[in-house]
Amino acid sequence: MENEHIVRTVIRTGQQPTDAQIREIEMAASRPIIPDEDAPELTLEQYAEMATLGKLYEYDRNNPDIQLTRTLYQYMINQYNAAYTAHVLGIHRTTLLYRLNKMQQISPFDLNDPQVCLQILLSFELVPELKGHPCN
């Protein structure tokens, strides 16, 4: 399936998908990922909720030292390499594993599902505030 290939390429390379790739996946999903001009503008919280990140974003707002959305972003763009992601974040690997476990408790999603991964990666690209603080 072409859409799955696009998702795997985006995850593997860490590159932002092209507008054409985004539109192709939108059409296949039968629901818009990028709102059209007539659609109401969404707040950060509304978009994050739609993109499965709402609960993590809310948790981060209440617990700023944990930074689950930033951790998830780094973990994904570092191709799910726990040791390297921990290094980039400046935390111990067990701290990273704790955060990943905490994410699953707060908002279970399947990082093995290419559609879920694409939705999460697109939400990070469309709403940069979700990426967190420095070291993005």
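Q: Is glutamine 79 buried, partly exposed or exposed, and what is its relative accessibility?
A: Start with the general scale: buried means under 20% relative accessible area, exposed means over 50%, and partly exposed lies in between, using a 1.4 Å probe and protein chains only. Here, glutamine 79 has 46% relative accessibility and counts as partly exposed. Before we go on, note that this is a predicted model, in which local features need pLDDT of at least 70, side-chain atom pairs count only at pLDDT 80 or more, and totals for chains, interfaces and linings use all residues. Residues are numbered from 1 along each chain as its sequence is written, and side-chain values use heavy atoms, with hydrogens and water left out.

Q: How many helices and strands are there in the chain?
A: Helices are DSSP runs of H or I with at least four residues, strands are runs of E with at least two, and both are numbered from the N terminus. In this model, the chain has eight helices and zero strands. Along the sequence, the pattern reads α-α-α-α-α-α-α-α.

Q: Where is glutamine 79 found, and what is its phi?
A: Glutamine 79 sits in the loop between α5 (68-77) and α6 (82-89). Its phi is near 55°, a positive value in a residue other than glycine.

Q: What is the phi of tyrosine 80?
A: Tyrosine 80 has phi near 65°, again a positive value in a residue other than glycine. Tyrosine 80 also belongs to the loop between α5 and α6, and with a relative accessible area of 24% it is partly exposed.

Q: How many salt bridges does a search of the whole structure find?
A: The general test is a side-chain nitrogen of Lys or Arg within 4 Å of a carboxyl oxygen of Asp or Glu. Searching the whole structure gives one salt bridge. It joins the side chains of arginine 61 and glutamate 58, at 3.9 Å from N to O.

Q: Why are arginine 61 and glutamate 58 separated by about one helical turn?
A: Because they are three residues apart in helix α4 (residues 54-62). Arginine 61 is partly exposed at 43% relative accessible area, and glutamate 58 is partly exposed at 35%.

Q: What share of the contacts with a separation of 6 or more comes from residues 24 or more positions apart?
A: A contact means heavy atoms within 4.5 Å. In this chain, that share is 59%.

Q: How much area does the chain expose?
A: Accessible areas come from the Shrake-Rupley method with a 1.4 Å probe; for residues, only the protein chains shown count as cover. This chain exposes about 8100 Å², with carbon and sulfur atoms supplying 50% of it. Of its 136 residues, 41% count as buried.
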